[in-house]
Amino acid sequence: MDSTPLKFDLAAALAALSLEELDRIIAAGETANEYLRLLKKSEQNVVGQCLANQGTFFEEEHYPQGDVFDRESHAQYYYHAHRPESGEHGHFHTFLRAAGMRRMVKPVPYSGKTKRPSGKDALSHIVAISMNRPGMPVGMFTTNRWVTGETFYRADDVINMIDRFSIEQSYPCLATNRTISSLMQLFRPQVVALLEQRDKTLSAWATLHPDRDIYEDRELEITSIVDINIERQLTAVKKAIRQRNKH
């Protein structure tokens, strides 16, 4: 089962942010658009750069092979495809590994039988970014633990990981890495709402199925989902800034 689309009020979410936070979103959007422009000039896109020189594209496989991992920030991502019914081409899964997390952050308590990554191997999935065939971001979603094999942390802790996600390296492509990093900041309000809804979905699922290990339940895959659009986001943020400045 997939979660129903998130009921997200962008205007309300932006109204709760400071001017400094709104300016950061604008800067992230401008960065993303600049890298997308540069890629387009050479008839490339962020997805194509991940698939380049990787051989035949297979659903479920991670691209590029071995994932992309920044040894300074400990952020990680990979691209793959397995949801043709959704209309997307594929999606990026973004993560933060234990060494990049705040000290004293603990995984959610778990008494089930499934072995989870722990210690220095622990990792948290942050959000997935859906891409269309032209290579543009069109949605974001969160998943149940079994989908990515993560360790699993509370939404509040994962929200604190968003700003720690940064990929600054040339492999497989600097423009792709900076675009993905910027999208996390551009759509930060949506990511926060998605993570909060993720935990609510899991809590409701546990109430409905008290006899199940909800984190491993294959009947629950997508825990929250929302459509995104770069230009629509930037237009809304600029409007919020104008309204704030009037007062």
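These legends accompany close-up views of one predicted protein model.

The model is predicted: local features need pLDDT of at least 70, side-chain atom pairs count only at pLDDT 80 or more, and totals for chains, interfaces and linings use all residues. Residues are numbered from 1 along each chain as its sequence is written, and side-chain values use heavy atoms, with hydrogens and water left out.

**Figure 1. The whole chain has eight helices and six strands.**
Helices (H or I, at least four residues) and strands (E, at least two) are DSSP runs, numbered from the N terminus. Along the sequence they follow the pattern α-α-α-β-β-β-β-β-α-α-α-α-β-α. The C-alpha trace spans about 50 × 50 × 40 Å along its principal axes. A compact globule of 247 residues would have a radius of gyration near 18 Å, and the chain, with 18 Å, agrees. That radius is taken over C-alpha atoms, and the globule rule is 2.2 Å times the number of residues to the power 0.38. Buried residues make up 49% of the 247 residues. Buried means under 20% relative accessible area, exposed over 50%, and partly exposed in between (1.4 Å probe, protein chains only). Contact means heavy atoms within 4.5 Å. Of the contacts with a separation of 6 or more, 73% join residues 24 or more positions apart.

**Figure 2. Helix 2 packs against helix 6.**
Helix 2 covers residues 19-41 and helix 6 covers residues 174-186. Their axes lie 8 Å apart, at an angle of about 150°. Axes are lines fitted to C-alpha atoms, for helices over the stretch in contact, and angles run from 0 to 180 degrees between N-to-C directions. The two helices are therefore roughly antiparallel. Angles under 35 degrees count as roughly parallel, over 145 as roughly antiparallel, 65 to 115 as roughly perpendicular and the rest as oblique. The crossing is left-handed. This term applies if the near helix is turned anticlockwise from the far one by less than a right angle; clockwise is right-handed. Helix 2 brings Ile25, Ala28, Gly29, Thr31, Ala32, Tyr35, Leu36 and Leu39 to the contact. Helix 6 brings Ala175, Thr176, Arg178, Thr179, Ser182, Leu183, Gln185 and Leu186. By class, the contact has nine nonpolar, six polar and one charged residues. Ala, Val, Leu, Ile, Met, Phe, Trp, Tyr, Cys and Pro count as nonpolar, Asp, Glu, Lys and Arg as charged, and the others, Gly among them, as polar.

**Figure 3. Helix 2 also packs against helix 8.**
Helix 8 spans residues 230-246. The angle with helix 2 is about 150°, and the axes are 10 Å apart. That makes this pair roughly antiparallel. The crossing of helix 2 and helix 8 is left-handed. On helix 2, the contact uses Leu19, Leu22, Asp23, Ile25, Ile26, Gly29, Asn33 and Leu36. On helix 8, it uses Ile230, Glu231, Leu234, Val237, Lys238, Ala240, Ile241, Arg244 and Asn245. These residues divide into 10 nonpolar, three polar and four charged.

**Figure 4. Helix 6 crosses helix 7 at roughly 70°.**
Helix 7 holds residues 188-208. The two axes come within 5 Å. Helix 6 is thus roughly perpendicular to helix 7. Met184, Gln185 and Leu186 of helix 6 meet Arg188, Pro189 and Val191 of helix 7. The contact has four nonpolar, one polar and one charged residues.

**Figure 5. Strand 1 holds a cis peptide bond and a positive phi.**
Strand 1 runs over residues 63-69. The bond from Tyr63 to Pro64 is cis, with omega near -10°. Pro64 is found in this strand. Asp67 lies there too. Asp67 is not a glycine, yet its phi is positive, at about 65°. Asp67 is buried, with a relative accessible area of 14%.

**Figure 6. Loops on either side of helix 5 hold Phe152 and Pro172.**
Phe152 lies in the loop between helix 4 (145-148) and helix 5. Its phi is near 90°, a positive value in a residue other than glycine. Phe152 is buried, with a relative accessible area of 2%. Pro172 is found in the loop between helix 5 (155-159) and helix 6. The peptide bond from Tyr171 to Pro172 is cis, with omega near -5°.

**Figure 7. Ser166 lies in the loop between helix 5 and helix 6.**
Which residues does Ser166 touch, not counting those up to four places away in sequence? They are Asp70, Ser73, Ala75, Arg178 and Ser181. Ser166 and Leu39 are 127 residues apart in sequence and 19 Å apart in space, C-alpha to C-alpha.
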